[in-house]
Amino acid sequence: MKKILKSLLIIGLFAIIYITYTYYNKLDIITGYASKNEASVVFLAHRTQASAENEDNNFSPIKLAKNTVNREEKSVTATVFGLKKRTAVFREGLGAVLMIEGVKDSLKYEIPKRDFKFVNLPYPYGDNPQKDTIFNNVNYNELSKAVDNSFSSYKKTRAVVVIYKDQIIAEKYAEGFDKNTPILGWSMTKSITSAVLGVLEKKGKISVNQINLFAAWENDERSKITLNDLLHMNSGLAWDEDYNNISDVTKMLFLDIDMSKTQMNKPLVGAPDNSWNYSSGTTNLLSGFIRNQFKTHQEYLDFWYSALIDKIGMHSMVLETDLAGNYVGSSYGWATPRDWAKFGLLYLHNGNWNGEQLLNESWVNYTATPTNGSNGQYGAHFWLNAGGVYPNAPTDLFSCNGYQGQRVFIIPSKELVVVRMGLTEGEAFNFNSFLREVITSIKI
């Protein structure tokens, strides 16, 4: 018996050594991801620690982290085998932020001013229940089957909302989620950042053709990069968007104090408008650009909500900031599926919200126009179907896309907005089949 125990101990020791050696250089990323994500899930989305660890963080190597929740301090601390302790702290109204060793949270500003005025109208222009509306051209049995199919166990869908002609015609949630549960949109937040720039353009504050965007670029070729180039992910700046290794994007999200400067400091390695390269660093650079349009940081924090988010009743939305107080416009926007659907409706209606033109119609058209080098798949921080990514969906479809299959599909020719949120994409969740089933249930 002693020999068996000794053998097991040796095997366990070697296993720990192997895993530690394999992942040591990634420990900052593993513990950073685990603590930040769990802090947001527990304190922002008000879900349990168990659900965060059994669902959101339950994949390799993130699941190696052991997490401790401090409810009094509203913080989560993660370690792997007692190594590389990282802590994320939740701030009401600003979300969770990952602390960095030796750096105090420098954000001393007030939380964003919000307009939570209740609008006494049915959804989507208010939050009252809609009146029952039966469309004769909708096969509700087929639609229900399409939605139910998307909730097969291996597909890990959390929410589906289907809106046709401004009416919710299908809605379903996984256990533990409902219409009031905020869900992280990941890179769908990039489209929010684009929309904020659209509001500034509508107000005449910016132009997509402007150059000399940052003082740091004044004396080199980067001064010629346009706002259009950044919105199209076509700046020519160096960037490595690799989430499986230590890369530009993982260092930015889990090691940088000021994420708006990460891409700014990169050299030019390609020709602007001819070097398409998807980059979360570019979006956070745009967040910094938006910051520069305001005299004070408080005005910057307020504007995203007062001019856009609360205007369209996305009152559940929380945009999280980095340690320097910049919105992490690339990745950290939380909202309920219904509120994500409202954002899609804004674009379905060409920037008009209940009679008020928040975005120029030309901006929406610009958003959905393919950029050079993207094979018809990318516009101004929105993904497109012009290149036929979804062969069974109309080519006018454009969408907000996020990690693990977060989607807001906008289909103007079908008067549809379709939201799907979950933990899978790719082979595990076939979006083309899902869209085909939803679309064919509506006879137009």
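In strand E4 of this predicted model, Leu 98 is the bridge partner of Ala 88. This contact belongs to the pairing of strand E3 with strand E4 (residues 95–98), in which the two run antiparallel and are joined by four bridges. E3 and E4 form a hairpin, with three residues lying between them, and Gly 93, which is found in the turn, has a positive phi of about 85°. Strand E3 (residues 83–91) is also joined by five bridges to strand E2 (residues 75–80), again in the antiparallel sense, and in this pairing Ser 75 stands opposite Val 89 of E3. E2 and E3 likewise form a hairpin, here with two residues between the strands, and Phe 81 in the turn has a positive phi of about 55°.

Thr 79 has its place in strand E2. With a relative accessible area of 14%, which is under the 20% limit for a buried residue, Thr 79 is counted as buried. When residues up to four places away in sequence are left out, Thr 79 touches Thr 31, Leu 64, Ala 65, Lys 66, Lys 84 and Lys 85. Helix H2 spans residues 27–43, and its 17 residues reach 24 Å from the first C-alpha to the last, close to the 24 Å expected at 1.5 Å a residue. The helix H2 is mostly covered, since 16 of its 17 residues are buried.

An open sheet of six strands is also present, with the order E6-E5-E15-E14-E13-E12 and antiparallel pairing. Strand E6 (167–173) and strand E12 (383–384) stand at the edges of this sheet and have a single partner strand each, so that one side of each is left without a neighbour in the sheet. The pairing of E6 with strand E5 (residues 157–164) is antiparallel and comprises six bridges, and within it Val 162 stands opposite Ala 170 of E6. In the loop between E5 and E6 lies Lys 165, whose phi is near 50°, a positive value in a residue other than glycine. Lys 165 is partly exposed, with a relative accessible area of 39%.

Helix H10 (residues 337–348) lies across E5, E6, strand E13 (398–402), strand E14 (406–411) and strand E15 (416–422), and runs at about 145° to E15. Within helix H10, Phe 343 and Tyr 347 are four residues apart, and are therefore separated by about one helical turn. In general, an α-helix has 3.6 residues a turn, so residues three or four places apart point the same way. Both Phe 343 and Tyr 347 are buried.

Aromatic rings also meet elsewhere, and the structure holds 30 aromatic pairs. One of these is formed by Tyr 278 and Trp 383, which are tilted with respect to each other, at 5.5 Å centre to centre and with 40° between the planes. This pair links distant parts of the chain, as Tyr 278 lies in the loop between helix H7 (248–255) and helix H8 (280–291), whereas Trp 383 lies in strand E12, 105 residues apart. Tyr 278 is buried, with a relative accessible area of 18%. Phe 343 and Tyr 347 form an aromatic pair that is edge-to-face, with 5.3 Å from centre to centre and 65° between the planes. In addition, one aromatic cluster is formed by Tyr 33, Phe 59, Trp 186, Phe 254, Tyr 332 and Tyr 403.

Arginine side chains are also placed over aromatic rings. Arg 338 lies over the face of Tyr 123, at 5.5 Å from the ring centre, while Arg 407 lies over the face of Phe 431, at 4.5 Å from the ring centre.

The backbone shows further features in its loops. Tyr 123 is joined to Pro 124 by a cis peptide bond, with omega about 10°, and Pro 124 has its place in the loop between E4 and helix H4 (140–149). The peptide bond from Ser 60 to Pro 61 is cis as well, with omega near 0°, and Pro 61 lies in the loop between helix H3 (49–56) and strand E1 (66–70). Met 233, although not a glycine, has a positive phi of about 55°, and is found in the loop between helix H6 (227–231) and H7. Met 233 is buried, with a relative accessible area of 2%.

Methods. Residues numbered from 1 in each chain as written. Predicted model: local features only at pLDDT ≥ 70, side-chain atom pairs only at ≥ 80, totals over all residues. Heavy atoms only, no water. Pairing = 2+ DSSP bridges. Contact = heavy atoms within 4.5 Å. Axes fitted to C-alpha atoms, helices over the stretch in contact; angles between N-to-C directions. Phe/Tyr/Trp six-rings, centres within 6.5 Å; stacked < 30°, edge-to-face > 60°. Buried < 20%, exposed > 50% of the residue type's maximum accessible area, 1.4 Å probe, protein only. Lys NZ or Arg CZ within 6 Å of the ring centre and 35° of its normal. Expected span 1.5 Å × (residues − 1).
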